[in-house]
Amino acid sequence: MACGGRGGTGWSSLPADLLLTVFALLPSDVDRIRFRAVCAGWGAAAAAWRPRPWLVGSVTDRSGRAAGAMSSFWLSPGGGLLPFAANVPPGLDYLSSSSHGYLALSDPRISPKAILLLNPLTGRRVHLPPIGFFSNWLDLTTVVLSADPATAAEWAAVAVGFPTTCLAYYSSATGAWARLDFRVPGYAGVEHYEGRFYVAFKSRICICEVDGDAPAVIPLEHVDADGDADASDDDDDDDDKLPGGGRRVVDTHLVECGGQLLLVSVHDDVVYNSDDDVVGMAGLAVDDGGNKGGDARAVEAHRVEWLGDGAVRLVRVVDIGLNNLFLGRNRAFALSGAEFPCCRANCIFLVDRQGQPDGVVRVLGMESQSARHEETICQDDGRQGPSSTGWARRGWFFPNY
């Protein structure tokens with residue numbers, strides 16, 4: 001289709017609001033990609049359209065078979081999850097959701113296993129080498145990119161697994177992974193913020209120093225509200241409890257939200273009275289819905305306040321305004337409810353029951369930490385029967401057109 005024309009005539013002169021209306025009505029992402037490629041005017045009009053977050057995962061039966069089959073859902077304006085067919089080539093295993101619009105996949109036919117970054121909208125593929133030092137690298141949960149490989153001259157990535165035995169740092173300049181020593185008994189959050197990679201678990205925040213010959217993870221000094229350095233041991237059993245709550249950290253996330261870096265902790269909602277109440281792997285308390293109080297969750301957010309000289313202060317956040325947080329054991333992100341009408345303001349969309357076949361999405365309201373609104377959204381991909389309802393992996397994904 002020609003996009004030329006002189007004197008304000010032709011396809012290129014169509015009003016931007018009309019073009020955006022047409023763009024929003026297109027039936028598939030492939031059509032939207034072609035629409036944007038017509039000419040600069042059409043691409044500029046389409047840039048105003050806000051895509052919906054996706055929930056993606058690999059489907060498996062109860063015995064672990066068919067782990068490569070993917071399910072994908074849109075988050076609808078009504079708050080439900082609508083199944084759709086994502087443009088992912090068959091035969092690839094879903095590992096994690098990455099940043100800048102990429103999914104982290106692997107090809108089970110290739111050995112040794114390696115990561116394939118795929119933009120499911122543009123079809124762009126980025127092949128990464130195997131991570132030889134992960135104890136079980138197929139437990140990869142997060143790959144965070146510093147920039148879009150499609151547009152950046154140089155870029156980097158940090159990969160983390162569960163449980164976190166170490167981190168992996170990749171530089172496009174070297175084309176290789178480097179090991180970063182960082183061991184914690186749970187899920188650690190990673191974010192690229194203002195040109196640096198950060199990693200956190202519980203209240204421990206570290207910076208990834210990668211410019212030298214020996215990349216390393218450097219802890220930042222944590223200063224409390226009185227200005228005193230926090231000398232608490234991160235391995236102490238009480239370190240992962242909310243003040244006065246007795247709840248323990250299940251997951252930790254770092255999220256850039258409104259230009260600020262948030263540390264977000266997901267706690268189980270059970271008060272532990274004895275060691276018998278603690279369940280899980282390597283001392284990590286995980287409530288699986290048994291008779292110890294159910295599987296309720298509590299989420300606490302803190303803003304990272306930078307004090308200089310490698311010190312930070314955590315400031316409690318009880319209201320994120322029009323923003324929403326999308327959390328799961330993958331790359332976490334924030335979206336504005338003003339720009340994305342399908343998102344409710346001041347809410348957290350939490351993918352829960354990780355590692356269990358029947359996962360749920362919890363919608364937690366931030367307006368009241370003590371009387372929190374909560375509802376559950378269950379995925380429904382149209383499959384029937386007990387052999388097809390399990391999810392091996394699942395996580396939020398934000399597409400990049």
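Let's start inside this predicted model, at strand β9. Six of the six residues of β9 are buried, so the strand is largely enclosed by the rest of the structure. You can check this face by face: A156, V158 and V160 lie on one side, A157, A159 and G161 lie on the other, and all of them are buried.

What does β9 pair with? One partner is strand β10, residues 167-171, which runs antiparallel to β9 and is held to it over five bridges. If you want a register mark for this pair, find V158 and look across to Y169 in β10, its bridge partner. The two strands make a hairpin, with five residues between them.

The other pairing to look at is with β8. This strand covers residues 140-145, and six of its six residues are buried, so you'll find β8 mostly covered as well. Five bridges join β8 to β9 (residues 156-161), again in the antiparallel sense. Here the handy marker is V143, whose bridge partner in β9 is A159. In general, the strands of a sheet pair through backbone hydrogen bonds, either parallel or antiparallel.

Now move back along the chain to an open sheet of four strands, ordered β4-β5-β6-β7 and paired antiparallel. Which strands stand at its edges? They are β4 (93-97) and β7 (125-127); each has a single partner strand, so one side of each is left without a neighbour in the sheet. Ignoring direction, neighbouring strands here are turned by 30 degrees against each other on average. Within this sheet, β5 (residues 103-106) and β6 (residues 116-118) pair over three bridges, antiparallel, and A104 stands opposite L117 in β6.

Further along there is another open sheet, also made of four antiparallel strands, in the order β12-β13-β14-β15. Its edges are β12 (189-193) and β15 (216-219), each with a single partner strand, so one side of each has no neighbour in the sheet. The twist from one strand to the next averages 30 degrees. Take β14, residues 204-209: four bridges join it to β15, and the two run antiparallel. To line them up on screen, pick C206 and find P219 opposite it in β15.

With the strands in place, have a look at the packing. In soluble globular proteins, nonpolar side chains tend to be buried together. The largest nonpolar core in this model has 23 residues, and the ones with the most contacts inside it are F23, F35, W54, V56, L103 and L105. Who contributes to it? At least two residues each come from α1 (16-25), α3 (40-46), β1 (54-60), β5 and β6. The largest share is three residues, from α3. There is also a second, separate core of 20 residues, and L117, A147, A159 and A168 are among its members. Two of those names should ring a bell: L117 is the residue opposite A104, and A159 is the bridge partner of V143.

Last stop: R329, in the loop between β21 (323-327) and β22 (333-336). Is this arginine buried or exposed? Its relative accessible area is 15%, and the cut-off for buried is under 20%, so R329 counts as buried. As for what its side chain touches, R329 makes a polar contact with the side chain of D251, at 2.9 Å.

Conventions: Residues are numbered from 1 along each chain as its sequence is written. This is a predicted model: local features need pLDDT of at least 70, side-chain atom pairs count only at pLDDT 80 or more; totals for chains, interfaces and linings use all residues. Side-chain values use heavy atoms; hydrogens and water are left out. Buried means under 20% relative accessible area, exposed over 50%, partly exposed in between (1.4 Å probe, protein chains only). A polar contact is a pair of N or O atoms within 3.5 Å; within protein, one must be able to donate a hydrogen and the other to accept it, and residues adjacent in sequence count only if both atoms are side-chain atoms. Two strands pair if DSSP finds at least two bridges between them. Axes are lines fitted to C-alpha atoms, for helices over the stretch in contact, and angles run from 0 to 180 degrees between N-to-C directions. A nonpolar core is a set of buried Ala, Val, Leu, Ile, Met, Phe, Trp, Tyr and Cys residues joined through side-chain atoms within 4.5 Å.
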